[in-house]
Amino acid sequence: MLRWALTFFVIAIIAAVLGFGGIAGASAGIAKILFFVFVVLLVVSLVSHVLRGKPPV
């Protein structure tokens with residue numbers, strides 16, 4: 001999921017450089033959403049590992 005967020009971020013940068021503001025804004029928004037979903041899933045995964053008694057790898 002982090003790879004998808006980075007991909008959309010790169011698309012947003014390229015679109016902004018080429019002057020496509022709408023596409024750049026949409027891609028940046030998608031990248032931001034994917035990044036925050038990734039962070040939430042990471043925290044949930046770490047908490048579940050700690051509650052099971054396994055150290056995070």
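**Before you look: terms for these views.** Contact here means heavy atoms within 4.5 Å. Helices (H or I, at least four residues) and strands (E, at least two) are DSSP runs, numbered from the N terminus. Buried means under 20% relative accessible area, exposed means over 50%, and partly exposed lies in between (1.4 Å probe, protein chains only). This is a predicted model, in which local features need pLDDT of at least 70 and side-chain atom pairs count only at pLDDT 80 or more, while totals for chains, interfaces and linings use all residues. Residues are numbered from 1 along each chain as its sequence is written, and side-chain values use heavy atoms, with hydrogens and water left out.

**View 1. The whole chain, with two helices and zero strands.** The radius of gyration of the chain is 16 Å, well over the 10 Å from the globule rule for 57 residues, so the chain is more spread out than a compact globule. That radius is taken over C-alpha atoms, and the rule is 2.2 Å times the number of residues to the power 0.38. Measuring along the principal axes, the C-alpha trace spans about 50 × 15 × 10 Å. How much of the chain counts as buried? The share is 11% of the 57 residues. The accessible surface comes to about 4,500 Å², and 80% of that belongs to carbon and sulfur atoms; these areas come from the Shrake-Rupley method with a 1.4 Å probe, and for residues only the protein chains shown count as cover.

**View 2. Helix α1 and its buried face.** Helix α1 covers residues 2-18. With 17 residues, α1 reaches 24 Å from its first C-alpha to its last, close to the 24 Å expected at 1.5 Å a residue. The expected span of a helix is 1.5 Å times one less than its number of residues. Ala5, Ala12 and Ala15 are the buried residues of α1. Looking down the helix axis, these buried residues fall within an arc of 90 degrees, so they line one face of α1; the arc is that of the directions from the axis to the C-beta atoms. Turned away from this buried side are the exposed residues Arg3, Leu6, Val17 and Leu18. Just past α1 comes Gly19, with a positive phi near 95 degrees.

**View 3. Where the helices meet.** The cover over the buried residues of α1 includes α2. In turn, the buried residues of α2 pack against α1. Which residues of α2 are buried? They are Ala24, Ser27 and Ala31. Ser27 has 6% relative accessibility, and Ser27 touches Phe8, Ile11 and Ala12, leaving aside residues up to four places away in sequence.

**View 4. The aromatic pairs, two in the whole structure.** In the first one shown here, the rings of Trp4 and Phe8 have centres 6.3 Å apart and planes at 35 degrees, so this pair is tilted. Rings of Phe, Tyr and Trp (its six-membered ring) pair if their centres lie within 6.5 Å; planes under 30 degrees apart count as stacked, over 60 as edge-to-face, and the rest as tilted. Trp4 and Phe8 sit four residues apart in helix α1, about one turn of the helix. An α-helix has 3.6 residues a turn, so residues three or four places apart point the same way. Trp4 is exposed at 55% relative accessible area, and Phe8 is partly exposed at 21%. Phe35 and Phe36 form an edge-to-face pair, 5.7 Å centre to centre with 65 degrees between the planes. Phe35 is partly exposed, at 39% relative accessibility.

**View 5. Along helix α2.** Helix α2 runs through residues 21-52, and its 32 residues reach 47 Å from first C-alpha to last, close to the 46 Å expected at 1.5 Å a residue. Gly22 lies in this helix and is exposed at 58% relative accessibility. From Gly22 to Phe36 is 14 residues in sequence and 21 Å in space, C-alpha to C-alpha. Val39, also placed in α2, is partly exposed with a relative accessible area of 31%. Val39 and Gly22 are 17 residues apart in sequence, and their C-alpha atoms are 26 Å apart. Leu51 is found in α2 as well, and Leu51 is exposed at 71% relative accessible area. Leu51 and Phe36 are separated by 15 residues in sequence and by 23 Å, C-alpha to C-alpha. Just after α2, Gly53 takes a positive phi of about 90 degrees.
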